[in-house]
Amino acid sequence: MNHFTSFEDVEHPQKLIRQVIELKNNPLFSERGKQKTVGLIFFNPSLRTRLSTQKAALNLGMDVIVLNINKDSWKVEFEDGTVMNGDTQEHIKDTVKVISSYCDILGVRSFATLKDRREDYEERVLNNFLTYSSVPVISLESATLHPLQSLTDMATIAASGITRPKVVLSWAPHPKALPQAVANSFLQWTPAIDADVVLAHPEGYELSDTFAGNISVTHNQEEAFAGADFIYAKNWSSYTSYGETPAVDGDWTITAGKMELTNRAQFMHCLPIRRNVVASDSVIDRSLVYRQAKNREFAAQAVLHNLMETL
Amino acid sequence: MNHFTSFEDVEHPQKLIRQVIELKNNPLFSERGKQKTVGLIFFNPSLRTRLSTQKAALNLGMDVIVLNINKDSWKVEFEDGTVMNGDTQEHIKDTVKVISSYCDILGVRSFATLKDRREDYEERVLNNFLTYSSVPVISLESATLHPLQSLTDMATIAASGITRPKVVLSWAPHPKALPQAVANSFLQWTPAIDADVVLAHPEGYELSDTFAGNISVTHNQEEAFAGADFIYAKNWSSYTSYGETPAVDGDWTITAGKMELTNRAQFMHCLPIRRNVVASDSVIDRSLVYRQAKNREFAAQAVLHNLMETL
Amino acid sequence: MNHFTSFEDVEHPQKLIRQVIELKNNPLFSERGKQKTVGLIFFNPSLRTRLSTQKAALNLGMDVIVLNINKDSWKVEFEDGTVMNGDTQEHIKDTVKVISSYCDILGVRSFATLKDRREDYEERVLNNFLTYSSVPVISLESATLHPLQSLTDMATIAASGITRPKVVLSWAPHPKALPQAVANSFLQWTPAIDADVVLAHPEGYELSDTFAGNISVTHNQEEAFAGADFIYAKNWSSYTSYGETPAVDGDWTITAGKMELTNRAQFMHCLPIRRNVVASDSVIDRSLVYRQAKNREFAAQAVLHNLMETL
C-alpha cells in the first residue's frame with residue numbers, strides 16, 4: 001500500500017480489516033513510528049478524523065504536525081499556469097512539495113464544493129497531493145470518498161460476527177446539502193465483507209454507477225429495512241442534479257418504529273449526526289455510533305502502520 | 001479525586017496545595033504519563049491555561065491534543081431533544097462521548113455567557129462533559145469557577161510562609177462585563193489556607209452567597225486594604241443584576257497610593273490584566289502576577305498527576 | 001549565541017552555515033532537546049517557518065507548543081503606560097513574561113505593518129520579546145529581517161560549491177505591498193559567504209543603506225543577470241516612500257528568456273511565490289526553491305541546537 005485514499009489503494013482489504021479488529025481487541029502502543037512525523041492538513045473542519053488520527057499516530061510513537069491550511073497558512077491556488085495576481089498566495093504544487101518534505105506521511109482533508117460535479121469527482125485537491133507529495137498520502141476525507149471511515153465501518157460490521165448480514169445504507173434527511181463521499185466510499189468497501197447490501201434512497205438521490213452500479217437499490221425505505229442486521233444512515237445531496245436537494249416524498253428520518261421492521265438491526269452513522277433529523281434520539285442512543293468513532297482510532301493506526309512499511 | 005472542576009472535587013485540598021509548592025520548589029519531569037493523552041478543548045480563548053496545562057502534561061510525559069472546538073470542528077448543540085435542523089452540527093453528548101474515547105484525561109474551557117444566570121450557574125457545558133465523558137475531566141475555567149487558578153493562588157499565598165495573612169479580594173474596574181468565576185472560585189478555596197479573608201466591592205457587585213456567604217464584606221476599599229498582606233484584584237459583573245455593570249462610586253483602580261495603606265501587601269491577579277484600569281503599572285510591575293502564572297504549570301501538573309492515580 | 005534574531009546575533013556565521021550543510025548531508029535525530037519546550041508564537045500566517053521549525057525541534061527531541069496568539073489567545077497591547085480600556089486585552093510585557101516562563105526557547109513571527117517606517121524598523125514586537133523573555137528568542141520573521149530564511153539561503157548557496165559565485169538579488173513584481181524583511185536579511189547575511197553580490201531593482205525600490213549600503217546596485221535587471229550563478233527573486237515595497245508601490249518601468253517578472261542571460265544560474269525564492277508574476281512556471285519548476293524550503297528544517301535545527309548550549 002503506497003497511499004490510502006481509496007479502496008483501490010489497498011491490496012488486501014480483508015487483511016487490513018482484520019488488523020483493525022485486532023487493534024480494537026488489543027490496543028497496542030509501539031515505538032514503531034519513533035522519529036517519524038505525520039502531517040495532517042485540513043482544508044475543512046474535523047473532529048473525529050482529526051483526533052483519532054492524532055491518537056493513532058501517538059499510539060505508534062509518531063510526531064504529529066497539524067495545519068489548518070487556510071487559517072494558519074496561505075490561500076492555495078489550484079489552477080495550473082495561472083498568473084497569480086489575485087487573492088491566492090501559494091500554488092498547491094509548491095505547498096505540497098514543501099509540506100511533504102518535512103513529513104514521513106501526509107494526511108489531507110478536503111470536501112466537495114458541490115458546485116461542479118466534474119471538478120469534485122476529479123478529486124483535484126487530493127490528486128494534487130498524490131502528484132506532488134514525496135511521501136505516502138492518507139485521505140482524511142476527500143471530495144468523493146472517505147476511506148478511513150469506510151474501513152472503520154467494515155471492521156465494525158465484521159467484528160459483530162454475524163454471518164452474511166443484511167446491511168442497509170439508507171439516505172436520511174439533513175438541513176444542508178452534503179457530499180456523497182461517505183456513501184460512495186461505504187459502497188466501494190462492502191465487497192471486502194461478506195454481506196447482503198441494499199441501498200435505499202428517495203428518487204433523485206441516485207449515486208454514481210461507479211459505486212452503486214452493482215448494488216441492489218430501492219426507493220422504499222421500509223421494504224429495505226425488513227430483515228436488516230445493520231442500518232447505516234447517511235444524508236447526501238443529488239449526484240444527478242449535482243449538489244441539489246430535490247423534494248422528497250414521505251419522511252426518511254430513522255425512527256424507533258422503523259427499526260422495529262428490522263432483524264433487531266444495529267444503527268450506524270459516521271457522525272456528526274443531526275439528532276431528530278437524520279435519526280431520532282432513541283435510535284442514536286442505542287446504536288453503534290460511539291463504537292464506530294472509537295474504531296476510527298484503530299483504523300487510522302492500522303493504516304499508518306502499513307504505510308510505514310513502505311518508508 | 002475523580003475530576004477537577006471545583007474545590008468540592010478535592011478530598012485533601014491542603015495536601016494538593018503542598019504538592020503544588022513542592023513542584024514549584026523542585027520542578028519534576030517524569031514518564032508517569034507515558035502513553036497517556038490529555039485532550040484540551042477550548043470553547044473560549046486562553047493563554048496561560050492553554051500553555052501551562054500543555055507544559056504540565058509534557059512534564060509528565062503525556063501526549064497533548066488541543067482543539068479549538070468551534071473553529072477546528074463542528075458547532076455544538078446543547079439542548080436535549082432538539083430537532084437539529086438549524087446551524088448546530090453536533091450534539092454535545094456525541095461530541096464528548098467521542099472525544100473522551102480518544103483521551104485519558106479531558107480538559108474543557110467554557111465561559112459564562114452572562115445572559116442567563118440560571119443557565120450559567122447550572123454549568124451546562126461543564127456538566128455535559130462530566131455526564132458524557134468516559135475519563136476524568138479538568139475544568140480549564142467554567143462559567144462560574146476556575147479551580148486551576150484558585151489552586152495556584154492558594155499555593156502562591158501559602159508559599160509565602162506568612163502566618164494567618166490578611167487576604168483581600170478586591171473588585172477592580174474593567175471596560176467589559178466579566179464572569180464571576182475567578183472571584184467565586186477564589187473564595188471557595190480560601191478555607192484550604194489559614195487566612196483572614198475580606199471581600200471588598202462596590203454596591204451592586206455582591207457575589208453569590210454560595211461563595212461569599214461566610215466572608216466578611218465591605219464596600220470601603222481603603223478600609224479593606226488596612227493591614228492587608230495580599231491584595232487579590234479582579235473585576236466581575238453583577239450577580240444580582242446578572243451580567244450588568246452598575247455605575248460605581250469612586251475609583252476602584254488599585255494604585256501605589258492604595259497599596260501604601262496595606263502591610264506591604266503583595267499584589268495578585270490571575271491575568272490577563274488591563275493595565276492602568278484594574279491596577280496601575282507600578283503596582284503590577286512589583287507584584288506576584290508572574291509567579292502566579294508560573295505556578296499554574298505546577299498546579300496543573302499536580303492535578304494531572306493525581307487524576308492519573310485513578311486511571 | 002544568546003538569541004537568533006539577526007545576523008548580528010551570530011558570533012560565527014560561517015560555522016553555523018557549515019552546521020546547516022552538515023545536517024543537510026546527514027540529517028540527525030537526537031535526544032538533545034528532551035524535556036525542553038520550544039514555544040512558537042505567530043502573529044501572522046506561516047507555512048514553511050511553522051512546519052520546518054516544528055520538525056527541527058522534534059528532530060532534537062523537544063516538545064513544541066504552537067500559539068496563533070491573536071486567534072487562540074488575547075489581543076495584545078504594545079504601548080507602554082496606556083490606560084487599557086479599549087479592545088486590547090493583555091500587554092505584551094505580561095504576555096511575553098508569562099509565555100517565556102513555560103518555555104526553554106521562544107520563537108516569534110510578526111510582520112511589518114508597512115504603515116509607519118520608524119515603528120517597523122524599531123522592531124517593536126520582536127524587541128518586546130527580547131526585553132521581556134526569560135529565555136532565548138528566535139525570530140520566525142520580524143518586521144525587517146528573516147534570519148532563518150537567510151541562514152538557509154547562505155547554506156543553499158554555499159553547498160553548491162561554486163567558487164565566488166555571482167549572486168543577484170532581483171526585485172520582482174507582486175500584486176500586494178510586501179515588507180523588505182527577506183531582502184534586508186539576505187543582504188545582511190551575504191558577507192558570511194564568499195560571493196559577488198549584485199542588487200537589481202527598479203527606481204523607487206531602494207533598500208535601507210543599513211543593508212544595501214555596501215552592495216553594488218543596478219536598475220537594469222538584464223545587465224545584472226549577465227554571468228550570474230544565482231538569481232534570488234523577491235518582491236518588496238518601497239523603503240523610501242514607505243510601504244508604497246511606485247509604478248515600475250518594464251517587466252521585472254523573471255522568465256526563462258532572462259535566465260538565459262546568466263551563467264546557467266540557479267533560481268532561488270523563499271516561497272510562497274506568486275507563479276507567473278514573480279517568475280514564470282518554467283523558471284520555478286527548474287529551481288532551488290524546494291531545496292531551500294527543506295533546508296529551512298536544517299537551519300532551524302542548527303539554531304535550536306546552538307541556543308540549547310546556552311541553557
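In this predicted model, A:His174 touches a small set of residues from elsewhere in the chain: once its neighbours within four places in sequence are set aside, its contacts are A:Asn235, A:Arg274, A:Val277 and A:Val278. Closer along the sequence, the side chain of A:His174 also reaches the backbone nitrogen of A:Lys176, at 3.1 Å. As for where this histidine sits, A:His174 belongs to the loop between β7 (166-171) and α8 (181-189) of chain A.

One of those contact partners, A:Arg274, turns up again in the UniProt record. There, an unreviewed entry places the feature "binding site" at A:Glu141, A:His174, A:Lys234 and A:Arg274. So far as the model goes, A:His174 and A:Arg274 are in contact with each other, and A:Arg274 has its place in the loop between β11 (266-268) and α12 (281-285) of chain A. UniProt also lists residues 182-305 of chain A, again from an unreviewed entry, as "domain: Aspartate/ornithine carbamoyltransferase Asp/Orn-binding". Along residues 182-305 of chain A, helix makes up 35% and strand 13%, while the C-alpha atoms at the two ends are 23 Å apart.

The backbone has a few quirks worth a look. Most residues other than glycine have a negative phi, and most peptide bonds are trans. The loop that holds A:Arg274 also holds A:Pro272, between β11 and α12 of chain A. The peptide bond from A:Leu271 to A:Pro272 is cis, with omega near 0°. Over in chain C, C:Leu271 and C:Pro272 are likewise joined by a cis peptide bond, with omega about 0°, and C:Pro272 lies in the loop between β11 (266-268) and α12 (281-285) of chain C. The other quirk concerns phi: A:Glu123, which is not a glycine, has a positive value near 50°. A:Glu123 is part of the loop between α5 (117-121) and α6 (124-132) of chain A.

Next comes the packing of helices. Two packed helices are described by the angle between their axes and the distance between the axes. In chain A, helix α1 (residues 13-25) and helix α13 (residues 289-309) cross at roughly 120°, and their axes come within 9 Å. That angle makes α1(A) and α13(A) oblique to each other, and their crossing is right-handed. On the α1(A) side, the contact is made by A:Leu16, A:Gln19, A:Val20, A:Leu23 and A:Lys24, and on the α13(A) side by A:Arg291, A:Asn295, A:Phe298, A:Ala299, A:Gln301, A:Ala302, A:Val303 and A:Asn306. Sorted by type, the residues where α1(A) meets α13(A) are seven nonpolar, four polar and two charged.

In chain C, helix α13 (residues 289-308) packs against helix α2 (residues 48-59) at an angle of about 50°, with the axes 8 Å apart. The pair α2(C) and α13(C) is therefore oblique, and the crossing is right-handed. From α2(C), the residues making the contact are C:Arg48, C:Thr49, C:Ser52, C:Thr53, C:Lys55, C:Ala56, C:Ala57 and C:Asn59; from α13(C), they are C:Ala293, C:Arg296, C:Glu297, C:Ala300, C:Gln301 and C:Leu304. Here the contact of α2(C) with α13(C) is split into five nonpolar, five polar and four charged residues.

Helix α13(C) has another partner, helix α7 (residues 147-158) of chain C, whose axis comes within 8 Å of the α13(C) axis and crosses that axis at roughly 110°. At that angle, α7(C) and α13(C) are therefore roughly perpendicular to each other; their crossing is right-handed. In this contact, C:Leu148, C:Gln149, C:Leu151, C:Thr152, C:Asp153 and C:Thr156 of α7(C) meet C:Gln292, C:Asn295, C:Arg296, C:Ala299, C:Ala300 and C:Val303 of α13(C). The tally for α7(C) with α13(C) is five nonpolar, five polar and two charged residues. C:Arg296 and C:Ala300 of α13(C) take part in the contact with α7(C) and also in the contact with α2(C).

Definitions and conventions:
Residues numbered from 1 in each chain as written. Chains lettered and ligands numbered in written order. Predicted model: local features only at pLDDT ≥ 70, side-chain atom pairs only at ≥ 80, totals over all residues. Heavy atoms only, no water. Axes fitted to C-alpha atoms, helices over the stretch in contact; angles between N-to-C directions. Helix = DSSP H or I, 4+ residues; strand = E, 2+ residues; numbered from the N terminus. Parallel < 35°, antiparallel > 145°, perpendicular 65-115°, else oblique. Left-handed = near helix turned anticlockwise from the far one by under 90°. Contact = heavy atoms within 4.5 Å. Nonpolar A, V, L, I, M, F, W, Y, C, P; charged D, E, K, R; others polar. UniProt positions renumbered as here; feature names shortened; annotations may be inferred. Polar contact = N/O pair within 3.5 Å; in protein donor to acceptor, adjacent residues only side chain to side chain.
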